[in-house]
Structure formats: C-alpha cells, structure tokens
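Hi there,

Here is the model we talked about, for you to open alongside this note. Below it I have written up what I found.

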Amino acid sequence: HAKEAPQKPALPMFKEYAEEWFRVYKEGRVKPTTAGNYRTILEWHLYPAWGEVRLDEITTKGIQEFLNTKKDKSHKTIQEILTMFKAILESAKQDRLIDFNPADDHRLVIPSKRKKVREALPMEAVQDIIANLGKLETMDQRYMALAIFTGMRRGEIIGLRWGDIDLENNILHVQRNVTFPKGTNDPYIGTTKTESGVRDIPIMPMLLDYLTPGGEPDAYVVGDEKKPIRSEE
C-alpha cells in the first residue's frame with residue numbers, strides 16, 4: 001500500500017497568531033503608548049472581523065471589503081489598521097504558514113471619506129482665554145499660557161522642566177514628551193513625537209509672567225519635583 005502523505009497541521013486562527021506576534025516582537029520592545037495603539041487596533045478592529053478566521057483563509061478581496069466597512073474612519077486610522085494587518089501577515093509568511101501576504105497588494109485602497117480639518121481658534125476666543133487666565137489656579141495658568149504662546153503639544157508642555165527654560169536669553173528648550181499609557185496614572189517620559197520636535201522656542205513677553213520666578217531645574221513646570229501631572233487634572 002502506498003503511504004499517505006502526512007497531513008499538515010491546521011493553521012492557527014488570526015487572533016491566536018497575532019497574540020503570539022505581539023508577545024514576541026512588540027511587547028516590551030516599543031513605547032507603552034505605541035503598544036497601547038497596537039492593542040486598540042487588535043481589539044477594536046482586527047479581532048472582531050478576523051479573530052476566528054484561519055490564516056490561509058484571509059484574502060486580498062476580503063481585506064478590501066473589510067477596509068470598506070471603515071470608510072467613516074480617518075485616512076490615518078485606516079492606514080494604521082492596514083499597516084498592522086500587513087505586518088502580522090508578513091510575519092506569518094516568514095514563518096512559512098502562508099505562501100503570500102494578502103495585505104501586501106497594490107490593489108488595496110484606503111476608502112476613507114472623512115476629512116480631518118483642524119481649525120485654529122478665532123482670535124476673539126484666544127483673547128478671551130488670555131483675559132481670563134488670572135481666574136485659573138497657578139498650574140492651570142501655566143499650562144494654558146504655554147499652549148497659547150508657544151504652540152507646544154500637550155505632552156511637550158507637561159514634560160517641560162524648569163531647567164529647559166532659559167530666562168536670561170528668553171529661550172524655551174523642548175526636549176521630551178510625556179504620555180500616560182492607557183489604564184495607568186504613571187507617566188511615560190520619552191522623546192518628542194518627531195525628531196524635529198526637539199527645538200527652541202522664543203519666550204514671548206506675555207508668557208514671562210507665568211514662568212517666573214521658576215523652580216528647581218529638575219522639577220516639572222506643570223507638575224512637581226517628582227513627576228508631571230495629567231493634563232486632564
């Protein structure tokens with residue numbers, strides 16, 4: 001009798017493989033905020049649609065149909081979902097679980113119809129905020145003044161230390177970004193969002209009143225000596 005060819009073991013479901021991929025290649029290797037973003041994409045987008053689908057049953061057509069259901073999301077969000085999907089399937093290809101990566105196909109398009117437009121506050125609103133800064137607590141005054149007079153990002157403001165402020169030359173040095181990973185009150189102190197985020201900003205005369213007399217170099221401008229505060233507080 002001819003010997004029967006050994007059967008290949010059943011391929012894992014997408015969720016099973018994705019969890020292993022995350023644990024081996026991402027967990028503990030990326031910033032907590034990045035890991036949180038990955039987890040959000042998995043739990044809210046990929047797993048509901050693909051969690052119980054076997055790896056070799058995922059097709060390019062199916063991926064496009066899936067993306068089409070996300071057209072109410074921003075272009076950036078859909079692109080992030082597809083990028084992560086592609087990375088997981090590429091890993092499965094490298095592990096020789098699938099022959100090709102169905103998410104790596106030039107036919108796939110981002111179907112977003114939502115345009116995100118950020119509009120600046122009207123000058124009247126800005127003037128109203130400035131006029132009422134004195135009604136706020138000291139810490140809130142500093143936060144709002146820095147936001148208005150420097151254009152710094154939220155994480156850059158709460159990551160600012162007194163040692164970053166050169167009052168003699170009226171220069172503010174942006175050097176770090178602070179985030180609070182989802183589900184924790186512990187700040188993650190990291191680099192700025194982009195390389196160009198490390199920069200010097202001239203201190204406007206109107207901002208000086210909110211930055212004097214200053215504090216210890218290692219203390220946070222919006223916070224205390226040990227750590228920054230959550231900007232929601």
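A small puzzle to begin with: is N170 buried, partly exposed or exposed? With a relative accessible area of 29%, N170 is partly exposed. Please keep in mind that this is a predicted model. N170 sits in the loop between β1 (165-166) and β2 (171-174), and although N170 is not a glycine, its phi is positive, about 55°.

**The chain as a whole**

There are 233 residues, of which 34% count as buried. The chain has eight helices and five strands, and from the N terminus the order of elements is α-α-α-α-α-α-α-β-β-β-β-β-α. Among contacts with a separation of 6 or more, 62% come from residues 24 or more positions apart.

**Helices α1 and α4**

Two packed helices are described by the angle between their axes and the distance between the axes. For helix α1 (residues 14-26) and helix α4 (residues 75-94), the axes come within 10 Å and cross at roughly 90°. That crossing makes α1 roughly perpendicular to α4. On the α1 side the contact involves F14, Y17, A18, W21 and Y25, and these meet M84, F85, A87, I88, L89, S91 and A92 in α4. Sorted by class, this contact of α1 with α4 has 11 nonpolar residues, one polar residue and no charged ones.

Helix α1 also has a clear buried side. Its buried residues are F14, Y17, A18, W21 and F22. They lie on the same side of α1, because they cover an arc of only 140° around the axis. The exposed residues E16 and R23 are carried on the face of α1 turned away from that buried side. The cover over the buried residues of α1 includes α2 (32-50) and α4. After α1 comes G28, with a positive phi near 80°.

**Helices α2 and α4**

Helix α2 packs against α4 too, at an angle of about 75° and with the axes 10 Å apart. This makes α2 roughly perpendicular to α4. From α2 the contact uses Y38, I41, L42, H45, L46 and W50, while α4 brings E80, I81, M84, F85 and I88. By class, the contact of α2 with α4 has nine nonpolar residues, one polar and one charged.

E80 of α4 counts as partly exposed, at 35% relative accessibility. Its C-alpha lies 9.4 Å from that of N37, with the two positions 43 residues apart in sequence numbering. Q79, also in helix α4, is partly exposed as well, at 32% relative accessibility. From Q79 to P111 the C-alpha distance is 9.7 Å, and they are 32 residues apart along the chain.

**The cores**

Which residues have the most contacts inside the largest nonpolar core? They are F14, L46, W50, I63, F85, I88 and L89, in a core of 28 residues. At least two residues of this core come from each of α1, α2, α3 (60-68) and α4, and α4 gives the most, with eight residues. Another core, of 23 residues, lies apart from it and has L133, Y143, I158 and I165 among its members.

L89 is worth a click. Leaving aside neighbours within four places in sequence, L89 is in contact with F14, L55, I58, I63, I98, N101, P102 and A103.

As for α3, its buried residues are T60, G62, I63, Q64, F66 and L67. Both α2 and α4 are included in what covers them.

**Backbone details to look at**

Most residues other than glycine have a negative phi, and most peptide bonds are trans. Besides N170, please look at R96, which is not a glycine but has a positive phi of about 60°. R96 is in the loop between α4 and α5 (123-131), and R96 is exposed, with a relative accessible area of 78%. The peptide bond from T212 to P213 is cis, with omega near 10°; P213 is in the segment after α8 (205-208).

Enjoy looking through it, and write back with any thoughts.

Best wishes

Technical notes:
Residues are numbered from 1 along each chain as its sequence is written. This is a predicted model: local features need pLDDT of at least 70, side-chain atom pairs count only at pLDDT 80 or more; totals for chains, interfaces and linings use all residues. Side-chain values use heavy atoms; hydrogens and water are left out. Axes are lines fitted to C-alpha atoms, for helices over the stretch in contact, and angles run from 0 to 180 degrees between N-to-C directions. Helices (H or I, at least four residues) and strands (E, at least two) are DSSP runs, numbered from the N terminus. Angles under 35 degrees count as roughly parallel, over 145 as roughly antiparallel, 65 to 115 as roughly perpendicular and the rest as oblique. Contact means heavy atoms within 4.5 Å. Ala, Val, Leu, Ile, Met, Phe, Trp, Tyr, Cys and Pro count as nonpolar, Asp, Glu, Lys and Arg as charged, and the others, Gly among them, as polar. Buried means under 20% relative accessible area, exposed over 50%, partly exposed in between (1.4 Å probe, protein chains only). The arc is that of the directions from the helix axis to the C-beta atoms. A nonpolar core is a set of buried Ala, Val, Leu, Ile, Met, Phe, Trp, Tyr and Cys residues joined through side-chain atoms within 4.5 Å.
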